[in-house]
Amino acid sequence: MSILVAYASKHGATEGIAERIGERLRAAGLEVEVRPARAVRDLAAYDAFVVGSAVYMFHWMKEAARFLRRNQAVLAEQPVWLFSSGPLGTEAEDPQGHDLLAVSAPKEIAELEEAVIARGHRVFFGAFHRGKPSGFGERMVAIMPAARATFPEGDFRDWDDIGNWAESIAHELSED
Ligand SMILES: Cc1cc2nc3c(=O)[nH]c(=O)nc-3n(C[C@H](O)[C@H](O)[C@H](O)COP(=O)(O)O)c2cc1C
C-alpha cells in the first residue's frame, strides 16, 4: 500500500510534522512519499492520503486547500486524513476556557472534510520563530504586543501526539 503525505508549510513547522507522520507510517511497513502539495501532479500511484497545512489567520494555506478541491473526485474514493498545524504555546485552553486545538481549526475545514470525505482531522500545536517578518500578518505580530502574546515564539510540536496519530492511521489502514 502506497501513501502520500502532502503538506503546505510557510516556515517549515508543518513540513516537519508531515515528515514525522511519514516516518511513523514507514515504520508500520507502509510505502510513503512526503511531498509539498503544490508539487503533486498525479494521484494514481497512491492508495491513501494524509494532507496537512499550516494555519494562518484562521485559514489553511491556499495550496493545500486547492490540492483538496482540485483532486476532490479522486480523494473522495480513497481513505484521506487531514491535519492542521496551528496554535502556539503550551496551554490546552484559550483565555476564555475554550479547547485551543478545537478553536484553532481553520474556517474551511468542515467544507474540505466533506469534499474529500475525510476520515478525520487533527489540529497539532505548531512552531514559530521570529525571523524577518513576511507578509502583513507577520509584520503585525512583530509590532503589536497583543499579537506577540497570541503567537509566542518556540517549537510547540507534540511529537508523541503526532506519532500516535500516524500509528492510528496505519492501524486503521491495516484493518481495511
Ligand atoms: C502571522 C501569523 C498568523 C497565524 N495565524 C494562526 C491562526 O489563525 N491559527 C493558528 O492556529 N495558528 C496561527 N499561526 C501559527 C502558525 O500556524 C504556526 O506557527 C505553524 O506551525 C506554522 O507552520 P509553518 O512553519 O509550516 O508555516 C499564525 C502564525 C503567524 C506568524
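**Salt bridges and surface patches in a predicted model**

Q: In this predicted model, how far apart are N and O where the side chains of glutamate 138 and lysine 10 meet in a salt bridge?
A: Glutamate 138 and lysine 10 pair through their side chains. A salt bridge needs a side-chain nitrogen of Lys or Arg within 4 Å of a carboxyl oxygen of Asp or Glu. This pair qualifies, with an N to O distance of 3.1 Å.

Q: How many residues apart in sequence are the parts that glutamate 138 and lysine 10 tie together?
A: Start with where each partner sits: glutamate 138 is in helix 6 (residues 136-143), while lysine 10 is in the loop between strand 1 (2-8) and helix 1 (13-27). The pair therefore ties together parts of the chain whose separation in sequence is 128 residues.

Q: Is glutamate 138 buried or exposed?
A: Let's use the cut-off: buried means under 20% relative accessible area. Its partner lysine 10 has 37% and counts as partly exposed. Glutamate 138 has a relative accessible area of 10%, so it is buried.

Q: What separates arginine 20 and glutamate 23 along helix 1?
A: The side chains of these two residues meet in a salt bridge of 3.5 Å, N to O. Arginine 20 is partly exposed at 23% relative accessibility, and glutamate 23 is partly exposed at 44%. Because arginine 20 and glutamate 23 are three residues apart in helix 1, the separation is about one helical turn.

Q: Which residue forms a salt bridge with aspartate 155?
A: Aspartate 155 is partly exposed, at 40% relative accessibility. Its partner counts as buried, at 17%. The closest N and O atoms of the pair are 2.6 Å apart, and the partner is arginine 157.

Q: How many salt bridges does a search of the whole structure find?
A: Side chains of opposite charge can pair when their charged atoms come close. Some pairings join into a network, as with Arg119, Glu172 and Asp176. Across the whole structure, the search gives a total of 11.

Q: Which residues gather in a patch of positive charge on the surface?
A: Lys and Arg count as positive, so those are the residue types to look for. One member, arginine 70, lies in helix 2 (residues 62-70). The full patch is made of Arg41, Lys62, Arg66 and Arg70.

Q: How much accessible area do Tyr56, Met57 and Phe58 have together?
A: Tyrosine 56 belongs to strand 3 (residues 48-56) and is partly exposed at 32% relative accessibility. Phenylalanine 58 sits in the loop between strand 3 and strand 4 (59-60) and is exposed at 53%. With Met57, Tyr56 and Phe58 form a nonpolar surface patch whose accessible area is about 320 Å².

Q: What is the phi of isoleucine 117?
A: Isoleucine 117 lies in the loop between helix 5 (109-116) and strand 6 (120-124). It is exposed, with 55% relative accessible area. Although isoleucine 117 is not a glycine, its phi is positive, at about 50°.

Q: What radius of gyration does the protein chain, with its eight helices and eight strands, have?
A: The globule rule gives 16 Å for 176 residues. The chain's value is close to that, so the chain is as compact as a globular protein of that length. Its radius of gyration is 16 Å.

Methods: Residues numbered from 1 in each chain as written. Predicted model: local features only at pLDDT ≥ 70, side-chain atom pairs only at ≥ 80, totals over all residues. Heavy atoms only, no water. Patch = residues over 30% accessible without salt bridge, like charges linked within 9 Å, V, L, I, M, F, W, Y side chains within 5 Å. Areas by Shrake-Rupley, 256 points an atom, 1.4 Å probe, with all protein chains shown as cover. Charge placed at Lys NZ, Arg CZ, Asp CG, Glu CD. Helix = DSSP H or I, 4+ residues; strand = E, 2+ residues; numbered from the N terminus. Rg over C-alpha atoms; globule rule 2.2 N^0.38 Å. Buried < 20%, exposed > 50% of the residue type's maximum accessible area, 1.4 Å probe, protein only.
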